[in-house]
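Me: I would like to go through some labels used for this structure. For each one, tell me what earns it.

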Amino acid sequence: MSSDEKTIQKDEKWSFDNDKSLLIYCPECGKENYPLNRFCSNCNTVLVSFATITGKQMNNFEEILTEDNIKRINETDIPIKFYEYLLDSIVKRSENTHLNDDLNILEKILLLCNNYVKIRNNDQIGTFGLYDYNTIIINPTYSKSLQSATIIKNLAIDIHLEILEAFFMYIFNVKSNVYLKSFIDYCRYSCAFENFVQKYYSSKVEAHFIPKDYDNYEDVEQIYFSNIFKEEEFKKGLYIGNTYAQEIIKIFEKIFNREIITELAEQFKIDKEDTTDAIRRFECDKVMTTEEMILTLKNNMIETIKYLMNNEEARKKLNEIKKVFEELEKAN
């Protein structure tokens, strides 16, 4: 039997009926729903929780940072069908967003993105915007086109982390909480390489949705000329980053329709933004298979666990992240 046939067999075994522990039930009509759905697939009622029905969760970092967990991540297959349902559930969260014709492009993008992440203004950040703690911070002093592009760029990071979080929830059949969110957040900068990959895929997603003359790979360019990575490792980062970018682009093309992309291009002309003359050495067309990408995401979690287990300073940073998430929960 070929490896492709084995994969198909595994995928066919996964279903709502065969894995009841992954279901949540609508409080209104009782319909069984995929655990990552926010709304009931039958009656559109808001679901009780974005979590597994078991109610289990990890209540300290010691439960996450173990050799047994490394082994479990290694040995647990994540079915392609689970991944496909995950992507569908992400797209569906924005399907009922009503966009009035009188809204400008920035207002439309803000409405759509509010389905996924908190967005707040801060004119003191000294940049177009940034992502931190499930929040996009944008500088309102910049033009509508630059703010819109920055939101798309940073939403890519949030969606990537959401996928990683869902994989962890699937592997361990646990609910999300501040400990899990903190660990997943740490995965994105557990090492310089992961930070580089994040900068590349988010820049690549942004570039896909704006006119080509405005591509901005400045962050990637700085890393390239810093000589942190050897050429082969740099190319590997582009390969992984492009794979993530193409997956997120597929999601975003369903969230941001052609009309919105056209309006965004027009807004760049209206705002008369300077072109960027992006360096094309950072283009990468190679992508992993879905199986290879899932394995890479799992390895990110494994390497982060190993790093945190063996680095006391890193665990201090992890606890600082947790405190921020706790404060955000209190504020909500």
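**Salt bridges and a helix crossing**

Reply: Start with D219 and K153, whose side chains meet in a salt bridge at 3.9 Å, N to O. D219 sits in helix α8 (residues 218-226) and K153 in helix α5 (residues 144-172), so the pair links distant parts of the chain, 66 residues apart. Note that this is a predicted model.

Me: What makes the D219 and K153 pair a salt bridge?

Reply: The rule asks for a Lys or Arg side-chain nitrogen within 4 Å of an Asp or Glu carboxyl oxygen. Here the N to O distance is 3.9 Å. That is within the cut-off, so the pair counts. By this rule the count comes to 13 salt bridges.

Me: Why is K153 called buried?

Reply: Buried means under 20% relative accessible area. K153 has 16%, so the label fits.

Me: Is D219 buried, exposed or partly exposed, and how do you know?

Reply: Its relative accessible area is 28%. Partly exposed covers the range between 20% and 50%, so D219 is partly exposed.

Me: How do you know that E303 and K306 are about one helical turn apart?

Reply: Both belong to helix α11 (residues 290-309), and they are three residues apart. Their closest N and O atoms are 3.7 Å apart, in a salt bridge. E303 has 47% relative accessibility and K306 has 36%. Each counts as partly exposed, because exposed would need over 50%.

Me: Why is E313 called exposed?

Reply: Exposed means over 50%, and E313 has a relative accessible area of 53%, so it qualifies. Its salt-bridge partner K316, at 3.1 Å between the closest N and O atoms, is partly exposed at 42%. E313 and K316 both lie in helix α12 (residues 312-331), three residues apart.

Me: Which residues are linked in a network of salt bridges?

Reply: K108, E259 and E263 are.

Me: What makes α5 roughly perpendicular to α9?

Reply: Helix α5 and helix α9 (residues 231-255) pack at an angle of about 105°, with their axes 10 Å apart. Angles of 65 to 115 degrees count as roughly perpendicular, so the name follows. The contact is made by I152, L155, A156, I159, H160 and I163 of α5 and by Y244, I248, I251 and F252 of α9.

Me: How many residues of that contact are nonpolar, polar or charged?

Reply: Nine are nonpolar, one is polar and none is charged. His is outside both the nonpolar and the charged lists, so H160 counts as polar.

Technical notes: Residues are numbered from 1 along each chain as its sequence is written. This is a predicted model: local features need pLDDT of at least 70, side-chain atom pairs count only at pLDDT 80 or more; totals for chains, interfaces and linings use all residues. Side-chain values use heavy atoms; hydrogens and water are left out. Helices (H or I, at least four residues) and strands (E, at least two) are DSSP runs, numbered from the N terminus. Buried means under 20% relative accessible area, exposed over 50%, partly exposed in between (1.4 Å probe, protein chains only). Axes are lines fitted to C-alpha atoms, for helices over the stretch in contact, and angles run from 0 to 180 degrees between N-to-C directions. Angles under 35 degrees count as roughly parallel, over 145 as roughly antiparallel, 65 to 115 as roughly perpendicular and the rest as oblique. Contact means heavy atoms within 4.5 Å.
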